[in-house]
Amino acid sequence: MIQPTIAKREVTKYILKTFDIHMSKKLGQNFLIDEAIVQEIVHASDIQEGETVLEVGPGIGTLTQGLAEAKANVIAVEIDNRLPEVLAKTLEGYENVRIVHGDILKVNIPELVEGKNFKVVANLPYYITTPIIMALLEQKLPVTKIVTMIQKEVADRMVAKPGKKDYGALSVAVQYYTTPEIVAQVPPKSFIPAPAVDSVVIRCDVRPEPAVKVISEKMFFRVVKAAFSQRRKTLSNSLKTMGIAAEEIKKAIDDAAIDGTRRGETLTLQEFAVIADNLEENKIVE
Ligand code: SAM
C-alpha cells in the first residue's frame, strides 16, 4: 500500500503558499487532493518495480509521489517553469523520479524513455486531453497502457459504441489503438480548485495490433472523419466530402455490403475498415 502525503487539502495548500504558487487556469492546473484517487490511479496502472512511467504534468508531485512509492521509474514532464523548484523539494529523496521541464507535445518521448516500453499515467490538463492522447497513440511509441484522469464527457466519447450519441471519430481512433475502460468516477471536490466538470479515470490498454487490419491507416481515418463530419446525413452523402466521385463511393459501400442510407455513426470499426480498403484497393483515389 502506498502512502501518499501530498494528496491532502492542507498539505497542498501549505505547499502552494510556501512557494507562492498561484495556480494557472490556462495550464489546466487542478491539483488532486484525494489520496484514495491517487491509490486508484496507481492501482489501475498495475506498476511493476522499475518499469518506466511517463507522467504528464506532475504539478506539485501529488500523483508522482504515488508512482514513485510504487517503485516505477518515473519521468515527469511539466510545462510550468515555476514547478521544477517545488518538485525538487516535495519529491526530495525519491531517486526514481526525473523531472523534465517541457511541453509534452514537443518533447522527444522516445529519447526520454530511452526506447523502452513505458506506461503513461497522468492527471491531464483538460484543455489538451485529446491532442495529448492522440499524439501518444499516433506516434506509435512503445506505450503499453495509458491511465489518465480526464473530463467525464471526453471519456464517454472514447468508450462509446456504434449507434450511441457519444460515438464519433474520437471513439473510433481510441478503440482502434486501445481497449478503453472507465475505472473510477472522480467528483470536483477531489481537486483544488474544483473544476466545473466531473472527471473520471480511464485506462486504455494499448492493443498489440490495431483492432482492425487496414491497407492504409490514412484512408481509414479519412473515411472515419468524413463519416462523422455531417452526423445527420447518410453514409453515402457524408463520404462525398472526401472529394471522391459519388459512383466510386457507392461502389466501395456496396462492395462492403453496407446500406448507404445508414448514418456514419452506426458503423463499426470493421465496417469502416472494409469501406476504406475498398477505396484504397480500387485505386480510385486522386
Ligand atoms: N499531476 C498533478 C495532480 O494530479 O495534482 C497536476 C495535474 S494538473 C490537472 C495538470 C498539470 O499539467 C499542471 O501541472 C500543468 O502545469 C501541466 N501541463 C499543462 N500543459 C502541459 C503540457 N503541454 N506539457 C506538460 N505539462 C503540462
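**What share of the 286 residues in the protein is buried?** Buried residues make up 50% of them, where "buried" means under 20% relative accessible area, found with a 1.4 Å probe and counting protein chains only. Keep in mind that this is a predicted model, where local features need pLDDT of at least 70, side-chain atom pairs count only at pLDDT 80 or more, and totals for chains, interfaces and linings use all residues. Residues are numbered from 1 along each chain as its sequence is written, and side-chain values use heavy atoms, leaving out hydrogens and water.

**View 1. The whole chain has 12 helices and nine strands.** Both are DSSP runs numbered from the N terminus: helices are H or I with at least four residues, strands are E with at least two. The C-alpha trace spans about 65 × 40 × 30 Å along its principal axes.

**View 2. Here's how the protein splits up: domain 1 covers 9-206 and domain 2 covers 217-281.** Those bounds come from an automatic or database domain assignment. Taken over C-alpha atoms, the domain centres are 35 Å apart. In the contact (heavy atoms within 4.5 Å), 13 residues come from domain 1 and 12 residues from domain 2.

**View 3. Now zoom in on where the domains meet: they bury about 980 Å² between them.** That's the accessible area (1.4 Å probe) that two parts lose on being put together, summed over both. Carbon and sulfur atoms hold 66% of it. Look for Tyr167, Val172 and Tyr176, which supply 52% of the area that domain 1 buries against domain 2, more than any other three residues.
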